[in-house]
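Hi,

Here is the structure I promised to pass on. Have a look at it first, and my notes on what turned up are underneath.

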Amino acid sequence: MEILQGLQKPIKELPSKYFYDEVGSQLFDRITELDEYYLTRTELQVMQQQIQDIAATLGPRCMLIEYGSGSSMKTPQLLDHLEQPVAYVPIDISKEHLLQASLRLSQSYPKLEILPICADYTSNFALPDPTQPGARKVAYYPGSTIGNFDREPARNFLAQIAHTCGQGGGLLIGVDLKKDFSILHSAYNDQAGVTAAFNLHLLERLNHELNTDFQLDQFGHYAFYNPAESRIEMHLVSLRKQQVQVGKEKIAFDEYESIWTESSYKYTLDEFGQLAASAGFKVEHIWLDTQKFFSIQYLSVI
Ligand code: AVJ
């Protein structure tokens, strides 16, 4: 499977989507509250300050499709300001979170049709037809999670969203921007060590769910900004030569050999505009904070 395959590569890697079990999601929530982690609070600020303009840009009677909706924490703000949204389609891999969020939202928005899809949002899921015809399909992908994708997969994923939303549709997306290296570095190397715990928890999860025998104190969190590749790279570095049992296989680690656990790409507005264009989108609108740390963008399907 994916885990073993990743660990058998010459440069070992584990997919970052595995961070988010119950404990991992809680650790991530703590990350979003850290002083050093400017992303979440900045995105929230921009949303709050620009919500009228954002809602006007999305227009009346849209069908809102949220990719990786989780607990739909950011959704009410948008729903509260949209003009007569016809349907909300949350997509998430976690059935529990999806159904809980759908139930909660159906109570707050009794007139809104909620059509949850339990799926990996990068897969080819089928979009349900709303009872009322909407004016346009708008995808919502906040949080700069697009940063987790390498260039090609990012383009393919955006192209898939463009295809799903179709002519007249669009994508409201949060995109983290390039900035001073030291600010980027601190965001993934917080003083309190929450990001380190988040990273190391991946091994704890494997130990529990796959019966592997990773020794957590024999791996170290290592994250840095790679300017040539425009990305934060997060690694777990083996602190000594060791072997780990993964199913029937023994995986050998050299001293200081790493497992690459996450990339978090950072863009300039131009670079993201080019990526969007190559996926069939036109950048219609960009909303920024005063420091230009983070952008919320509305892309329309070409
Ligand atoms: C949720 C993917 C946007 O890349 O900043 C935070 C995940 N990893 N700290 C990010 C994360 C380490 C986060 N995203």
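Starting with one aromatic residue: Tyr-222 has a relative accessibility of 47%, so it counts as partly exposed (buried is under 20% relative accessible area, exposed over 50%, partly exposed in between, with a 1.4 Å probe and protein chains only). Phe-224 is partly exposed too, at 23%.

Before the rest, the ground rules. This is a predicted model, where local features need pLDDT of at least 70 and side-chain atom pairs count only at pLDDT 80 or more, while totals for chains, interfaces and linings use all residues. Residues are numbered from 1 along each chain as its sequence is written, and side-chain values use heavy atoms, with hydrogens and water left out.

On the aromatics, I count rings of Phe, Tyr and Trp (its six-membered ring) as a pair if their centres lie within 6.5 Å; planes under 30 degrees apart are stacked, over 60 edge-to-face, and the rest tilted. That gives 22 aromatic pairs. One of them is Tyr-20 with Phe-28, edge-to-face at 5.8 Å centre to centre and 80° between the planes. Tyr-20 is partly exposed at 36%, and so is Phe-28 at 24%. The rings of Tyr-222 and Phe-224 are 5.4 Å apart at their centres with planes at 40°, so that pair is tilted. Ring pairs also join Phe-19, Tyr-20, Phe-28, Tyr-37, Tyr-188 and Phe-198 into a cluster.

Now the inside. The largest nonpolar core (buried Ala, Val, Leu, Ile, Met, Phe, Trp, Tyr and Cys residues joined through side-chain atoms within 4.5 Å) has 56 residues, and Leu-64, Leu-78, Leu-172, Phe-214 and Ile-259 touch the most other members. Helix H3 (residues 38–58) contributes the most to this core, with eight residues; helices (H or I, at least four residues) and strands (E, at least two) are DSSP runs, numbered from the N terminus. Another core, of 34 residues, lies apart from it and includes Ile-65, Val-89, Tyr-265 and Phe-272.

Strand S12 (residues 258–265) is worth a look as well. Eight of its eight residues are buried, so S12 is largely enclosed by the rest of the structure. Strands pair if DSSP finds at least two bridges between them. S12 pairs with S1 (residues 12–13) in the parallel sense over two bridges, with Glu-13 opposite Trp-260. S12 also pairs with S9 (residues 231–238), antiparallel over seven bridges, where Leu-236 has Ile-259 as its bridge partner.

Cheers
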